[in-house]
Amino acid sequence: ELLHLRRRRVSGPAVMTLSAAIESLLSRLPPGSVPGLRPQTGDDQAFIRELFVSRRWAEVSAVPGWDDAQRRSFLYSQAELQRKHYEQHYPAAGFLIVEHAGNPIGRLCMHCSATNLHIVDLALLPVWCGQGIGSRLLQVVLAQADSHRQSCTLSVERGSRARWPYERLGFKACCDAGICTRMRRSAASGAEHQRPIIHIDI
């Protein structure tokens with residue numbers, strides 16, 4: 001299975017690098033591939049909120065003395081804080097919805113500069129995790145970064161089981177920031193472009 005990125009128009013000098021990255025991804029992915037990617041819109045906010053809740057529900061379920069309504073209210077407030085954080089720190093980022101059969105199942109967010117492609121967020125609903133979808137998305141993003149000689153960065157929570165597979169893909173820890181570790185992968189060249197497919201349980 002491949003990926004499909006629907007074409008969108010991006011204008012203005014502030015997003016030219018992002019536009020080029022999206023167009024490059026589109027050029028290497030044939031139409032009709034599955035799963036799909038499309039631009040996130042205001043109509044997706046309810047889904048994004050529920051996606052956040054689904055990722056954090058197990059954590060808040062361990063908090064004693066809370067009922068489900070309190071847990072959900074807390075997570076909704078945290079989802080709103082995340083939205084504001086992304087808007088403040090990544091105003092020119094590309095927010096994309098991952099789809100399967102026309103239904104949203106996750107989100108990919110990228111922030112591009114001339115020399116680096118930063119994966120701000122890559123998340124799937126729990127029911128879709130462990131099926132290789134996150135791995136395929138990441139492989140395409142890394143191929144995009146390599147083709148433009150960009151490094152690639154992301155943040156992973158300390159203790160996350162995703163860190164080891166990221167390291168196998170060439171990411172190295174570069175600094176700690178709160179509960180997360182920032183990881184960086186230098187741009188590959190030549191024979192390094194041909195890397196094995198590594199499954200990451202996102």
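Is tyrosine 90 buried or exposed? I looked this up in what is a predicted model, and found that tyrosine 90 is buried, with a relative accessible area of 16%.

Aromatic rings. I then searched the whole structure for aromatic pairs, and the search returned four of them. In one of these, the rings of tyrosine 86 and tyrosine 90 have centres 6.3 Å apart and planes at 65 degrees, and because planes over 60 degrees apart count as edge-to-face, I entered this pair as edge-to-face. Tyrosine 86, like its partner, is buried, and its own relative accessible area comes to 10%. Following the ring pairs further, I noted that they join Tyr86, Tyr90 and Phe95 into a cluster.

Charge and ring. I also looked at arginine 49, whose charged end sits over the ring of tyrosine 76, at 4.0 Å from the ring centre.

Helix H2. For helix H2, which covers residues 45-61, I checked the length: its 17 residues at 1.5 Å a residue should span 24 Å, and the end C-alpha atoms are 23 Å apart, which agrees. I nevertheless recorded a kink of about 45 degrees in H2, centred on arginine 55.

Which residues of H2 are buried? I listed Phe47, Ile48, Leu51, Phe52, Val53 and Val60. When I asked what covers these buried residues, I found that the cover includes helix H3 (68-89), together with strand E3 (94-100), strand E4 (103-112) and strand E5 (116-124).

Definitions and conventions: Residues are numbered from 1 along each chain as its sequence is written. This is a predicted model: local features need pLDDT of at least 70, side-chain atom pairs count only at pLDDT 80 or more; totals for chains, interfaces and linings use all residues. Side-chain values use heavy atoms; hydrogens and water are left out. Rings of Phe, Tyr and Trp (its six-membered ring) pair if their centres lie within 6.5 Å; planes under 30 degrees apart count as stacked, over 60 as edge-to-face and the rest as tilted. Buried means under 20% relative accessible area, exposed over 50%, partly exposed in between (1.4 Å probe, protein chains only). A charge sits over a ring if NZ of Lys or CZ of Arg is within 6 Å of the ring centre and within 35 degrees of the ring normal. Helices (H or I, at least four residues) and strands (E, at least two) are DSSP runs, numbered from the N terminus. The expected span of a helix is 1.5 Å times one less than its number of residues. The bend at a residue is the angle between axes fitted to the seven residues ending there and the seven starting there. Contact means heavy atoms within 4.5 Å.
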